[in-house]
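Here is a short report on charged side chains and a helix pair in one protein. Look at the structure first, then read on.

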Amino acid sequence: MAHSCIHWFRKGLRLHDNPALMAALRDCKELYPLYILDPNYTYGGKKRIRFLMGALKDLDCSLQKLNSRLFVVRGKPEEVFPELFSKWNITKLTYEYDTEPYGRSCVGKVTTLAQEHGVEVIYKISHTLYDIDRIIEENNGKPPLTYNRLQSLVKTLGPPKKPIPAPTMEDIKDVKTPCFEQHNKKYKIPSLEDMGVDSTSMEEEQFPGGEQEALRRLDEHMKMTAWVCSFEKPQTSPNSLRPSTTVLSPYTTFGCLSARTFWWRLSEVYRGKKHSDPPVSLHGQLLWREFFYTASVGIPNFNKMEGNPVCTQVDWDTNSDYLSAWKEARTGFPFIDAIMTQLRMEGWIHHLARHAVACFLTRGDLWISWEEGQKVFEEFLLDLDWALNAGNWQWLSASTFFHQYFRVYSPIAFGKKTDKNGDYIKKYLPILKKFPPNYIYEPWKAPLSIQQAAGCIVGKDYPRPIVQHEVVSKKNIQRMKVAYAKRSPHITDSPEKKKGTKRKAPTVVEMLMKKNRRQ
């Protein structure tokens, strides 16, 4: 039977390694590539929306080269699909599996609607290296809570599946995408203004969205074989003037770049050469991504403190002045403020820079909940990923996964290790650029004559530190000690279903979804 099929693009905004798209092309006479702008989904800040629109334009361009095109509609998926099923006489729906709670809930509703309309539903796993549910099954139904445990589990599963090539004209020769007269009016990719984003005041785009840009950047990095083989994440600089890592994270987050393609390209570079290993290697970074995805699927209320069975319950303070100062780069600690300025301007900061500002906000200095930091990163990060954002904030606040709460990043000494002259601070906080290196991390210690010569008086032109790091960090270590003393002795265990409780029978939708996943 020849199908009229919708391929629902969600995070996999690419043609390469897209098994759900290839499943759509099988026995297909009419293909409708669809992207839904969902008002209930968190798209993040204006830079992220610009990245997304760029990715959609690039995807549409690639589809047009195959005599197809992208249909973009706005609305809740459960309201959009019934109309499209009828209007386009759809008999098959394909999509890439999404592990986020909102995505899973949304798909459940759409799958039920598809059944009611007699539409076959097929989904494929390609946003992660592995089938996350399979990893949890291999661990006796519990998510692994340590990286080493995840490594041992995936070792038993073998290497990730190899990526599949993008569809060609040959694959699509018998498939037609109907083109409506009103297409550009009704199904066009919206402009930034349409999305409520004023682009006139935005900085130049450093990381343009799209599959072609993702593959170009991947090629560029894979040519640097010595760098790839010797890459060790902790040895890279959080405050270099140019990124000291690949900055491919926004592209894997949106699925412009397949994680499996990235993995196997690395394997090709590594072959026959001495290279670094997980957790610090580039393969190791992809496994960290997998680790947090697995935790987010297996741990209830993963992005919250309350109701999260593995998260330490901490009596965080509520201090809107401190939170605003941190968010707006007004803490009086130049290293912290420079990082937060880069985040706001560019939408990306180095992994270790994220460590520094997250520790400072939470257990290090300001004693504000990691959930507040999580929200700010949601607003600014280009590579915002629900699972990684929640997981890393729990890690850095020593609430989950990492428990050495007495190891606190210094907002002064940490930056000096890799940038003694403070060039990074000078770039992002030009008000401080005339301070000599021995004062640029602690401008409040500079004699007034030096502050005057630098054209910046601390307390007037640049804020004084909002806390005394040496004092509050010691106090906060004691507060964390108290919080740890109250923890359940089993808090480091993975959550599992209670013994003696009857397992709930899967719904028809869940059984269908599992069956389709195995296909």
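The text below takes up salt bridges, a buried lysine and two crossing helices.

**Salt bridges**

This is a predicted model. Side chains of opposite charge can pair when their charged atoms come close. Here the count comes to 23 salt bridges. The table shows three of them, with the N to O distance for each pair.

| Acidic residue | Basic residue | N to O distance |
|---|---|---|
| Glu170 | Lys173 | 2.8 Å |
| Asp194 | Lys188 | 3.8 Å |
| Glu220 | Arg216 | 2.9 Å |

How open are these residues to the surroundings? Glu170 counts as exposed because its relative accessibility is 53%, above the cut-off of 50%. Lys173 is exposed too, with a relative accessible area of 53%. In the second pair, Asp194 is partly exposed at 37%. Its partner Lys188 is partly exposed at 42%.

The third pair sits in a helix. Glu220 and Arg216 are four residues apart in helix α8 (residues 211–222), so about one helical turn separates them. Glu220 is partly exposed, with a relative accessible area of 39%. Arg216 is partly exposed as well, at 38%. Elsewhere, salt bridges that share partners join Arg10, Lys11, Asp98 and Glu100 into one network.

**A buried lysine**

Now turn to Lys233. Where does Lys233 lie? Lys233 is in the loop between α9 (225–230) and α10 (249–253). Is Lys233 buried or exposed? Lys233 is buried, yet has no salt bridge. The nearest side chain of opposite charge belongs to Asp383, 8.4 Å away. A salt bridge needs the nitrogen and oxygen within 4 Å, so Asp383 does not qualify.

What does the side chain of Lys233 make a polar contact with? The partner is the side chain of Gln285, at 3.4 Å. Gln285 also appears among the contacts of Lys233 beyond four places in sequence. The others there are Thr245, Val280, His351 and Leu352.

**Two crossing helices**

His351 leads on to the next topic, as helix α15 covers residues 351–364. Which helix crosses α15 at roughly 115 degrees? The crossing partner is helix α14 (residues 334–346), and the two axes come within 10 Å. The crossing of α14 past α15 is left-handed.

Which residues meet where these helices touch? From α14 come Phe335, Ile336, Ile339 and Met340. From α15 come Ala353, Ala356, Val357 and Phe360.

Methods: Residues numbered from 1 in each chain as written. Predicted model: local features only at pLDDT ≥ 70, side-chain atom pairs only at ≥ 80, totals over all residues. Heavy atoms only, no water. Buried < 20%, exposed > 50% of the residue type's maximum accessible area, 1.4 Å probe, protein only. Lys, Arg positive; Asp, Glu negative; His and termini not counted. Polar contact = N/O pair within 3.5 Å; in protein donor to acceptor, adjacent residues only side chain to side chain. Contact = heavy atoms within 4.5 Å. Axes fitted to C-alpha atoms, helices over the stretch in contact; angles between N-to-C directions. Left-handed = near helix turned anticlockwise from the far one by under 90°.
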